[in-house]
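Colleague: I'm new to reading protein models. Could you walk me through this one, feature by feature?

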Amino acid sequence: MNILVCIKQVPDSNKVEVDPVTGVLKRNGVESKMNPYDLYAIETALRIKEKLGGSITALTMGPNQAAGVIREAFAMGVDHGVLISDRKFGGADVLATSYTISQGIKKSGTYDLILCGKQTTDGDTAQVGPEVAEWLGIPSLSNVSKVTELKAGSMVVEMDMTHEIEIAEIEYPCLLAVDKDIFIPRLPSFVKKQETKDREIRVITLADLEDREEKHYGLNGSPTQVQRIFPPEVNNHREVWNGEGSELTGRLLSKLKELKFA
Amino acid sequence: MNYKRLDQNDLKTIRAIIKEEERILYGEEINEEYSHDELSDTVSYPDVVVKVISTEEVSEIMRYAYENTIPVTPRGSGTGLVGASVAIEHGIMLDTSLMNRFLELDENNLTITVEPGVLLMELAAYVQDRDLFYPPDPGEKSATIGGNISTNAGGMRAVKYGVTRDYVRGLEVVLPDGKVVEFGGKVVKNSTGYAMKDLMVGSEGTLGIITKATLKLLPLPKKAISLLIPFPTLEKAIRTVPFIIKSKSIPTAIEFMQREVILDAEKYLGKKFPDSSADAYLLLKFDGNSTEEIEKDYANVAQICLEQGAIDILISDTNEREESIWKARGAFLEAIKGSTTYMDEVDVVVPRGSVNEMVEYIHGLYKEVDIRIKSFGHAGDGNLHAYILKDDLSEEEWENKMKAAMDKIYGKARELSGQVSGEHGIGYAKKSYLMESMDPATVEIMRGIKRAFDPKNILNPHKVCQM
């Protein structure tokens, strides 16, 4: 089984601040880490490899320092690494990003299974995975919360659709975007980190791609125009009522009705 | 000592002092939880529980109790493990949990002044939000800071940062006769007479009632990385600890744990631990200002562990990974408790160099005494927690086997120049072991100190050094 895992480097903070004037994310001074959802994708790949054998490639797109997450994937047990990196890829929206990644995937090899995290903790769109599948012309499933069965030409998975669990069988080659807790991700190993510290990471630039038309990449290839980024309003409104239990119960019920919660 | 039994008249006076009826619990209103603490089987109800909210209230109650020779037992969250907060002679229980205000954060002196009812988790979060750090980190985060001071709680960062005592700068204390005194202060150095503040720390509510505490803070380390190190056997894991200590790199914590306890914690939390394939683990934590600095720090230790037979070194370097490990570590006590019908604990501490010998001794003991014993603990500071489990034993079997196991463990600790308690205290349950291990002359001095503070012996009687 030839497995590809798409991963991303994100800021290591739950509180990314937005510059109120420019509307740009303040990334200075914030350490980075692997998108937490991608750890589940890597763990899923490792578990499948443990059962079926094969090899796992981790692929990321970003500046040179994004190679850090590939090194981390190596320390978890991933075999190969690919970094898609070119200044001309900068400023890409989800459409241009997924196109660039799909081009990079085509260049890097052929895979039976492509795994992604459900979403990233910085962009939070959950769109890149399925869009990559569209560009590659392969089927995809999102919110995958369980791998039920691995067959020769297909696999059976469960998807957590909030209100119900959907079970589906999907044929290879395919793409799965996995949910958190599908497996508990293993920790990176110091021993593997030492062993792989000189392992080569293949770098793919615009010049290596099948489609070298600059207009299709980066800011130029992005139809999305960001008007403004702002932190959501925090609603801290509270009311404190004092009184007898019976009286407060009635008041609570009418309040809930008023707010259309009951 | 003949104590006065609380009557309606006394209750009337208490009502006059406290003024708010809902802060006084009397007779039937006293919830069962006030009759015991979290673990020991010491059970006794107070006659009245008073939820105090100010130093003045504590002082007035104490003055009245002193004049009338009514016993008083102070209590925080009741998370103690040795019965120190149980009202053996009944009387008045002073619940300080409503005294939970943050009084002053002094950024010029890096101190914080709080009331005793502030919870450890509230304190940790409060200072962390301001880029500051209160290092003591006992597993029980819902304990009050007053309780932590009363037992001189240690916790998981003691290897590098020390224990609660090292972070207490000053205390406001109500003496048994109601007088209010201050011990210590915001000063860094202090050679002014006897170390009264240090006498209060660890006194388990027998000398006075802490009503305010000024604590030392540190700047918050920017980054922490833990190493979870699997070993094929407990022996191999624990024998590595002296090498780590000798290596002169200082982790904040060196903990050891066995697979069984991890599985208990997984069951208790309903969440998988990142690794449970090995028989035993060491868990090391390092902190510092950057990932690079910490990586340099731990490289040497990682090498030592591999040389001593570690299977691998697993790296936890993000908040999510840290939480998955340390949350489980923090739940070990509750998890073990959930795996049996009843248990008793040993909290011995031995010199750090002998920790492997002590752990191996306890590990071998279950065969000798034929009783299930689970242990985990702070390998780096020599403080071990061993839990003796009752399971399906009859009362009689349990009493005999538990006593036999305890005697052997405390005996071994003595042999290794250790002490009865590392951080849980003596309270009511461990008095006999203290008496066995301590020089009678020292016990006499302790009793003299108690008499000097509390000549009528009304404050938390029958605890620590009193029979």
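Modeller: Happy to. Let's begin with a loop: A:Pro173 sits between β9 (165-171) and β10 (174-178) of chain A. Keep in mind throughout that this is a predicted model.

Colleague: What is the form of the peptide bond from A:Tyr172 to A:Pro173, cis or trans?

Modeller: To read that, look at the omega angle. Here omega is near -10°, and the bond from A:Tyr172 to A:Pro173 is cis.

Colleague: Okay, next one in chain A. Where is A:Glu149, and is it buried or exposed?

Modeller: First find the element, then count the neighbours. A:Glu149 belongs to strand β7 of chain A, which covers residues 140-150. Exposed means 12 or fewer other C-beta atoms within 10 Å. A:Glu149 has 10 of them, so it is exposed.

Colleague: Which residues does A:Glu149 touch, leaving out those up to four places away in sequence?

Modeller: A:Met155 and A:Val156. You can also compare distance along the chain with distance in space. A:Glu149 and A:Lys215 are 66 residues apart in sequence, and their C-alpha atoms are 42 Å apart.

Colleague: Let's move to chain B. How many helices and strands does it have?

Modeller: Chain B has 15 helices and 18 strands. For overall compactness, you set the radius of gyration against a rule for globules. For chain B the radius is 23 Å, close to the 23 Å that the rule gives for 467 residues, so chain B is as compact as a globular protein of that length. Its C-alpha trace spans about 70 × 60 × 45 Å along the principal axes.

Colleague: And what share of chain B counts as buried?

Modeller: 51% of its 467 residues. Contacts tell you about the fold too: take those between residues at least 6 apart in sequence, and in chain B 74% of them join residues at least 24 apart.

Colleague: Which domains does the assignment give for chain B?

Modeller: Domain 1 is 1-220 + 430-467, domain 2 is 223-333 and domain 3 is 340-423. Notice that domain 1 is written as two stretches. There's a record to look at as well: an unreviewed UniProt entry annotates residues 42-220 of chain B as "domain: FAD-binding PCMH-type". That span is 22% helix and 25% strand, and its end C-alpha atoms lie 40 Å apart.

Colleague: How do I describe where domain 2 and domain 3 of chain B meet?

Modeller: Count the residues in contact, then ask which elements supply them. In chain B, 18 residues of domain 2 are in contact with 13 residues of domain 3. On the domain 2 side, the elements giving two or more residues are α7 (234-246), β13 (253-258) and α8 (259-269) of chain B. α7(B) gives the most, with 7 residues. By class, that side of domain 2 has 13 nonpolar, 1 polar and 4 charged residues. The centres of the two domains, taken over C-alpha atoms, are 22 Å apart.

Colleague: What about the contact between the two chains?

Modeller: Read it the same way. Chain B gives 14 residues and chain A gives 11. On the chain B side, α9 (291-307), β15 (314-316) and α10 (319-330) each give two or more residues. The largest share, 3 residues, comes from β15(B). The chain B side has 6 nonpolar, 3 polar and 5 charged residues.

Colleague: Why do people look for a nonpolar core?

Modeller: Because in soluble globular proteins, nonpolar side chains tend to be buried together. The largest nonpolar core here has 138 residues, and B:Ile92, B:Ile229, B:Phe256, B:Tyr281 and B:Leu282 touch the most other members. Leaving out residues up to four places away in sequence, B:Tyr281 touches several residues, including B:Ile229, B:Phe256 and B:Met257. A second, separate core of 56 residues includes A:Met76, A:Val82, A:Tyr99 and A:Leu176.

Colleague: Last one: which value does phi have at B:Glu204?

Modeller: Phi is a backbone angle worth checking for its sign. At B:Glu204 phi is near 50°, a positive value in a residue other than glycine. B:Glu204 lies in the loop between α6 (196-200) and β10 (209-216) of chain B. With 22 C-beta neighbours inside 10 Å, B:Glu204 counts as buried.

Colleague: And B:Asp391, is that buried or exposed?

Modeller: B:Asp391 counts as exposed, with 12 C-beta neighbours inside 10 Å. Its phi is positive, about 50°, although it is not a glycine. You'll find B:Asp391 in the loop between β18 (383-389) and α13 (395-415) of chain B.

Conventions
Residues numbered from 1 in each chain as written. Chains lettered and ligands numbered in written order. Predicted model: local features only at pLDDT ≥ 70, side-chain atom pairs only at ≥ 80, totals over all residues. UniProt positions renumbered as here; feature names shortened; annotations may be inferred. Helix = DSSP H or I, 4+ residues; strand = E, 2+ residues; numbered from the N terminus. Rg over C-alpha atoms; globule rule 2.2 N^0.38 Å. Buried ≥ 20, exposed ≤ 12 C-beta atoms within 10 Å, placed from the backbone. Contact = placed C-beta atoms within 7 Å. Nonpolar A, V, L, I, M, F, W, Y, C, P; charged D, E, K, R; others polar. Domains from an automatic or database assignment. Core = buried A, V, L, I, M, F, W, Y, C linked by C-beta atoms within 7 Å.
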